[in-house]
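Take a look at the sequence and the 3D structure below. We'll walk through it together, starting with some rings.

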Amino acid sequence: MNPPCGRCNKPVYPTEKINCLDKYWHKGCFSCEVCKMALSMTTYKGFEKKPYCSMHYPKTSFTIVTDTPENLRLKQQSMLNSQALYKEDFEKNKGKGFSVVVDTPEMQRVKKTQDQISNIKYHEDFEKSRIRSDAPPPENRQEDEMQPPNPPRFSQPVGQMRPAAVAPSGGGKRYQAMYSYMAAEADEVSLQEGDLILDVEQIDDGWVFGCNQRTGQRGLLPANYVRPM
């Protein structure tokens, strides 16, 4: 049996049947409820199981509730009820969420011990941080470890002055500075790493005499700061 049309209630045959909005329609009956414009499955918009076009689709609107004296009274009554329930729940649960710890002598002793441990830990951390701040940067420490110590000056009896270093005759050996050195005495020569030293002569186990080609200065040099070429 053929179902009735959703608009004209006449039987709808399979060749012209449109199944939409839980109803069956004739192709000519499937139109907008307002303007009667013919619709299709891609152009209709359903509202309460009725087809509409985009222009006449019902707009949903919100109802504005006026603050009448009765509504204001009900609102105030609801707030009072909420406050009453809150106070009632608070009184019921009071004392259940936490417990009061009595400040007994044992608790005072434990607290004092914890304070002492905290103070000791603070001073240890402070000393460690101070030592770290006083230490030179890693690159400076590496240079200090690599750079040899300065050799001792010439040994001499107490009360006697060290004789001035005398320049040896020319034709000495050629040395190269391995490290930088800052002269500590007037008869010494400062070095920079890579400097070429000419006419080098051995003075003793710790010192040599030579001329710095870069500066032209002649004098004593630490023997462990230079190497022969």
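Let's begin with a trio: Trp25, Phe30 and Tyr44 make up one aromatic cluster. Before going on, some ground rules: this is a predicted model, where local features need pLDDT of at least 70 and side-chain atom pairs count only at pLDDT 80 or more, while totals for chains, interfaces and linings use all residues. Residues are numbered from 1 along each chain as its sequence is written, and side-chain values use heavy atoms, with hydrogens and water left out.

**Rings**

What makes two rings a pair? Rings of Phe, Tyr and Trp (its six-membered ring) pair if their centres lie within 6.5 Å; planes under 30 degrees apart are stacked, over 60 edge-to-face, and the rest tilted. Searching the whole structure turns up six aromatic pairs. Here are two of them:

| Pair | Centre to centre | Angle of planes | Type |
|---|---|---|---|
| Trp25 and Phe30 | 5.6 Å | 65° | edge-to-face |
| Tyr181 and Tyr225 | 5.3 Å | 70° | edge-to-face |

The Tyr181 and Tyr225 pair ties together distant parts of the chain, 44 residues apart: Tyr181 is in the loop between β5 (173–177) and β6 (196–202), and Tyr225 is in the loop between β8 (218–222) and β9 (226–228). (Strands like these are DSSP runs of E, at least two residues long, numbered from the N terminus.)

Are these rings buried or exposed? Trp25 and Phe30 are both buried, a word that means under 20% relative accessible area, with exposed being over 50% and partly exposed in between (1.4 Å probe, protein chains only). Tyr181 has 7% relative accessibility, so Tyr181 counts as buried. Tyr225 is at 2%, so Tyr225 counts as buried too.

One more ring has a charged visitor: the charged end of Lys45 sits over the ring of Tyr57, 5.7 Å from its centre. For that label, NZ of Lys or CZ of Arg must be within 6 Å of the ring centre and within 35 degrees of the ring normal.

**A hairpin**

Now for strand β1 (residues 17–20), where Ile18 and Cys20 point to one face and are buried, while Lys17 and Asn19 point to the other and are not. In a regular strand, side chains alternate between the two faces of the sheet. β1 runs antiparallel to strand β2 (residues 23–26), and four bridges join them; strands pair if DSSP finds at least two bridges between them. Lys17 stands opposite His26, and Cys20 has Lys23 as its bridge partner. The two strands form a hairpin with two residues in between, and Leu21 in the turn has a positive phi of about 55°.

**A polar residue inside**

Asn212 belongs to strand β7 (residues 207–212). With 0% relative accessibility, Asn212 counts as buried. What does its side chain reach? It comes to 3.0 Å from the backbone nitrogen of Arg214, and a polar atom of the Asn212 side chain lies 3.1 Å from the backbone oxygen of Ser190.

**The cores**

A nonpolar core is a set of buried Ala, Val, Leu, Ile, Met, Phe, Trp, Tyr and Cys residues joined through side-chain atoms within 4.5 Å. In the largest one, with 15 residues, Leu191, Ile197, Val208, Leu221 and Val226 touch the most other members. β5, β6, β7 and β8 each supply at least two residues of this core, and β7 gives the most, with three. A second, separate core has nine residues, among them Cys20, Cys32, Tyr52 and Cys53.

Methods: Polar contact = N/O pair within 3.5 Å; in protein donor to acceptor, adjacent residues only side chain to side chain.
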